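Trainee: Could you take me through one part of this structure at close range, and then show me how the rest connects to it? I would love one long, joined-up answer.

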Amino acid sequence: MEAEIQEFRDHISRYPPFDGLSDELLDEVAGAVEIAYFKAGTTIAERDGPVRALSYIRSGAVEVYRHNGQLSNRLGEGDIFGQLDLLRDRQVRYPVQAIEDTLIYLIPKPVFDHLCAEDEEFADFVELSGSSRLKSTVEQSQRNNDMIATPVRRLISRLPVMIEESATVQEAARLMTEHDVSSVLLIRPGDEEESDRVFADADGRPWLLTGMITDKDLRQRIVAEGLSTQTPLSSISHGWLIAIQSSESVNEAMLTMLRNNIQRLPILHRRRPVGVVYLSDIVRYETNNSVYLVNNIFNRTSVKALARLTPEVRASFLRMVDEGANSRMIGAAMTSVGRSLMRRLVELAEAELGPPPVPYCFMVHGSLARNDQSITTDQDNAMVLHDAFEPERHGDYFKALARFVSDGLNACGYPYCKGGIMATNDNWRQPLARWKAYFRDWIAKPDPQRLLHSSIFFDLEAVHGEERFVEELQDLIATQAKASPRFLAALARNALGRTPPLGFFRTFVLEQDGRHNNAINLKRRGIAPLNDVIRVHALGVGSRAQNSFERLDEISQAGALPAGQTDKLSYTLEFLSIVRMRHQAQEIKNDHEPDNAIQPEHVSDSERHNLKEAFQILSNAQSFLRFRYPSPGR
Amino acid sequence: MLLRRKTRQAAPSWADYFARQTQACKTPALKHLYAAGLPTEDSPIGEVPLVALDFETTGLNPREHAIVSIGLVPFDLRVIRPAAGRYWVVKPPRPLRAESIAIHRITHSEVEHAPPITAILDELLAALAGRLVVVHYRNIERPFLEAAVLANRGERCLFPVIDTMELEARWERQGRLAGLKRLFGRQPPSIRLAASRARYGLPHYSSHHAKVDAIATAELFQAQMARHFRPDTPVSDLWI
């Protein structure tokens with residue numbers, strides 16, 4: 001095979017739908033590739049222009065628009081576009097623009113047609129992608145996301161670096177430095193009879209794969225031993241090598257690494273090394289979706305530029321809902337976006353105002369602290385200052401800092417907190433000692449009325465600055481709350497204040513809610529009370545966790561609830577959260593501001609049944625809480 | 001205007017040279033190359049058929065060293081066509097020296113079985129005919145090809161080329177900003193192929209294979225044109 005075909009093929013074969021193609025079809029695609037370059041900002045496909053080839057993004061990023069000019073999708077390396085127009089034999093329907101410098105591999109229509117005819121899975125993939133058959137798409141992408149079904153070659157990001165084992169360790173170190181890798185594969189000229197490790201290179205020459213040398217080997221076997229840099233690699237090679245086939249699953253790759261206690265695994269296509277996968281690649285694979293967006297956030301240099309990312313945040317949310325991610329994944333991703341935005345705003349503020357006069361920590365409460373943010377949320381934040389803080393000398397700085405961040409968040413789609421829980425509020429911008437006094441006071445003298453307003457502070461997480469300030473507060477809460485039955489009882493009473501919308505005969509009790517007549521507020525009547533219940537139990541067992549699912553795990557480990565209860569609550573929280581997120585996604589698609597109000601008539605029978613079930617479980621959990629933490633004097 | 005005409009008379013244009021060579025050359029492949037002609041100096045680059053060319057050689061000196069492999073790929077500003085490209089390994093007149101065989105590259109045995117360059121020269125010249133040649137670092141491809149043709153056909157082979165390295169140097173090594181940077185002790189940026197490509201967001205390719213490098217050069221040229229020029233830029237602004 002010619003070298004450039006191998007080059008194209010190695011890349012293309014890592015991405016769907018090509019990753020499932022037979023070797024013969026892959027070779028055909030790679031052999032037919034044509035190439036075109038587009039500068040950032042230029043149009044790649046103009047509406048009603050001709051479509052002669054399937055476009056595959058080799059590097060860079062593009063945006064696809066709807067006819068009304070709205071952003072429809074953002075695609076990056078390994079993604080394809082143009083397939084629907086090719087299938088329908090029509091002109092460009094969705095214009096495409098390069099948003100980064102982009103290199104496109106064009107797969108000519110005859111080859112595309114051949115792939116569709118020869119490979120059913122390929123045909124299904126291109127037929128379904130972007131069409132309205134959402135359900136199948138969700139199932140498809142779930143399959144693609146599945147570590148058991150995904151071939152490990154999808155994680156390979158570059159070709160392996162190889163060196164002859166007769167070379168010296170210095171040459172290896174130089175090669176590793178030049179390619180910026182932490183390992184090289186060792187080879188020696190092979191001959192045909194030798195083992196199953198013989199492979200042919202681009203020019204048809206046989207090589208034998210004999211081992212791998214890593215940074216660690218150079219340190220341990222050369223530098224620590226005081227050996228010469230001219231030592232040949234063959235003399236420090238382990239003589240053994242664990243590798244797996246590129247078609248094995250990601251899961252299998254991970255198990256192989258764990259079983260053998262190794263961090264990197266050479267990947268073979270038949271017998272040819274095609275890459276090295278790192279354990280960290282697998283971890284990253286799981287959280288890939290929002291990474292791009294987060295990177296983008298840290299590149300922005302003004303509040304205005306950050307605010308322009310709001311549609312992308314929404315698009316990323318929609319994509320995750322459509323791809324069938326669960327609420328924990330979506331919540332974690334949206335939280336990381338929210339926290340990144342906030343961190344960037346603080347950086348911009350510090351750049352404008354100068355460095356802080358005393359150390360401090362910006363902290364968040366509510367969903368950002370619980371790691372379960374959805375698409376719409378108020379800002380809840382506060383500031384913990386170093387005890388050396390002097391109001392006359394330093395007060396103006398932190399007030400200005402809080403104002404900058406709060407205004408910035410508002411501009412980015414996180415409206416001001418109606419309850420005033422923001423660092424702009426003088427009460428919530430205090431030295432560490434004062435915060436400790438606040439919490440001690442709330443725990444020791446729990447006036448339910450006061451707690452109702454301040455219980456929001458009991459979910460807390462650092463966002464920027466001295467994280468240990470917030471950790472000290474978390475420690476204080478974890479140790480003191482569980483030793484204060486009166487406090488837990490007061491918190492429990494607050495947690496019973498919001499009842500699920502169920503009538504006596506298990507019918508929904510609906511509320512008149514603004515424009516939504518006969519609606520149920522999923523957040524107020526379901527998710528928030530559930531979070532409240534879970535928080536009381538978590539504080540009761542001295543948990544430091546902030547996320548409700550993690551709290552449930554710790555509650556379960558501590559044996560604080562009857563067997564099976566925590567599982568039920570976990571399932572209920574997941575169900576209510578994902579229904580809310582899907583509802584919000586639908587609202588966005590219908591060009592409405594997303595909210596939390598769903599109308600029971602508009603949900604399917606089975607979903608309505610599940611909703612009632614979920615609310616019933618919440619109701620039972622509240623009853624149990626009343627029993628477990630009875631209010632004194634009742 | 002008058003001045004320009006004078007200079008042209010003093011140094012004959014590429015067109016004049018091609019016309020003369022078409023008459024003078026005896027080798028059919030060379031005659032054909034020159035007869036296929038050149039775009040006029042004011043032809044817009046966006047309309048000119050191009051070919052990216054890359055050699056792997058045993059060293060840097062065309063009088064001592066020789067070509068071991070040749071890759072080329074036809075393209076224009078819209079699209080690059082690898083499948084229409086060519087790749088040859090050729091046997092140099094002198095045996096390979098050990099130090100020129102780098103890791104995982106062309107080796108003795110492979111070269112032993114390859115044809116000498118004279119066997120593929122006509123095919124090579126035919127593939128270049130009618131296209132403007134684009135290379136990265138002209139001081140390899142131009143003198144080595146000229147030396148090979150002169151040695152094997154006894155005639156000269158010269159034509160204008162576009163050098164992506166020279167283009168890169170225009171922005172990275174010259175101009176006031178680059179001068180200022182140098183004044184403040186900043187290292188000038190590398191204008192080698194891989195480093196230049198990285199500046200345009202082009203992916204990393206495994207290098208030192210003549211055809212892959214030819215494709216890489218073609219991509220770099222498309223990127224340079226997209227960023228710094230327009231499709232109607234006359235070729236005379238670009239070729240050397």
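Mentor: Let's begin with A:Pro17, which sits in the loop of chain A between α1 and α2 (23-32). The model is a predicted one, and in it the peptide bond leading from A:Pro16 to A:Pro17 is cis, with omega near 0°. Have a look at that bond on your screen, then step along the chain to A:Phe18. This phenylalanine belongs to the largest nonpolar core, a set of 75 residues, and is listed among those with the most contacts inside it. The others on that list are A:Tyr105, A:Phe122, B:Ile45, B:Ile162 and B:Phe221, so residues of chain A and chain B both appear there, each of them buried as a core member must be. As a general point, nonpolar side chains in soluble globular proteins tend to be buried together.

Which element gives this core its largest share? Helix α10 (residues 210-228) of chain B does, with 9 residues. For a feel of the packing, pick B:Ile162: leaving out residues up to four places away in sequence, it touches B:Ile45 and B:Phe221, and also B:Leu132, B:Val133, B:Val134, B:Val135, B:Leu167, B:Leu238 and B:Trp239. There is another core too, lying apart from the one with B:Ile162; it has 62 residues, and A:Phe457, A:Phe469, A:Leu625 and A:Tyr629 are among them.

Now go back to α1, the helix on one side of our loop. A:Glu4 forms a salt bridge with B:Lys211, and their closest N and O atoms are 2.6 Å apart. Since A:Glu4 lies in helix α1 of chain A and B:Lys211 in helix α10 of chain B, this pair joins two chains. Are these two charged residues buried or exposed? B:Lys211 has 2% relative accessibility and therefore counts as buried, and A:Glu4, at 3%, is buried as well. In general, side chains of opposite charge can pair when their charged atoms come close.

That pair leads us to the interface as a whole. The rule finds 3 salt bridges across the interface of chain A and chain B, together with 7 residue pairs in polar contact, counting pairs with both residues at pLDDT 80 or more. On the chain A side, the elements that each supply at least two residues touching chain B are α1 (3-12), β1 (34-38), β3 (53-59), β8 (102-108) and β9 (162-164). By class, this side has 14 nonpolar, 3 polar and 11 charged residues. The contact takes 28 residues from each of chain A and chain B, and the two chains bury about 2,400 Å² between them, 57% of it on carbon and sulfur atoms.

Staying with charged pairs, the search over all chains finds 34 salt bridges. One of them links A:Glu347 and A:Arg344, at 2.6 Å from N to O. Both residues lie in helix α14 (residues 327-353) of chain A, 3 residues apart, about one turn of the helix. A:Arg344 is buried because its relative accessible area is 12%, whereas A:Glu347, at 29%, counts as partly exposed. A:Asp441 and A:Lys445 make another salt bridge, with 3.1 Å between the closest N and O atoms; here A:Asp441 is partly exposed at 24% and A:Lys445 is exposed at 54%. There is also a network of salt bridges linking A:Arg370, A:Asp372, A:Asp459, A:Arg498, A:Asp532, A:Arg535 and A:Arg551.

Finally, since we started with backbone geometry in a loop, here are two further loop residues to look at. A:Asp89 is not a glycine, yet has a positive phi of about 60°; its place is in the loop between α3 (83-88) and β7 (96-98) of chain A, and it counts as exposed because its relative accessibility is 61%. A:Asp591 also has a positive phi, near 65°. It sits in the loop between α23 (565-589) and β22 (597-598) of chain A, and its relative accessible area of 60% makes it exposed.

Key
Residues are numbered from 1 along each chain as its sequence is written. Chains are lettered from A and ligands numbered from 1 in the order in which they are written. This is a predicted model: local features need pLDDT of at least 70, side-chain atom pairs count only at pLDDT 80 or more; totals for chains, interfaces and linings use all residues. Side-chain values use heavy atoms; hydrogens and water are left out. A nonpolar core is a set of buried Ala, Val, Leu, Ile, Met, Phe, Trp, Tyr and Cys residues joined through side-chain atoms within 4.5 Å. Buried means under 20% relative accessible area, exposed over 50%, partly exposed in between (1.4 Å probe, protein chains only). Helices (H or I, at least four residues) and strands (E, at least two) are DSSP runs, numbered from the N terminus. Contact means heavy atoms within 4.5 Å. Buried area is the accessible area (1.4 Å probe) that two parts lose on being put together, summed over both. A salt bridge is a side-chain nitrogen of Lys or Arg within 4 Å of a carboxyl oxygen of Asp or Glu. A polar contact is a pair of N or O atoms within 3.5 Å; within protein, one must be able to donate a hydrogen and the other to accept it, and residues adjacent in sequence count only if both atoms are side-chain atoms. Ala, Val, Leu, Ile, Met, Phe, Trp, Tyr, Cys and Pro count as nonpolar, Asp, Glu, Lys and Arg as charged, and the others, Gly among them, as polar.
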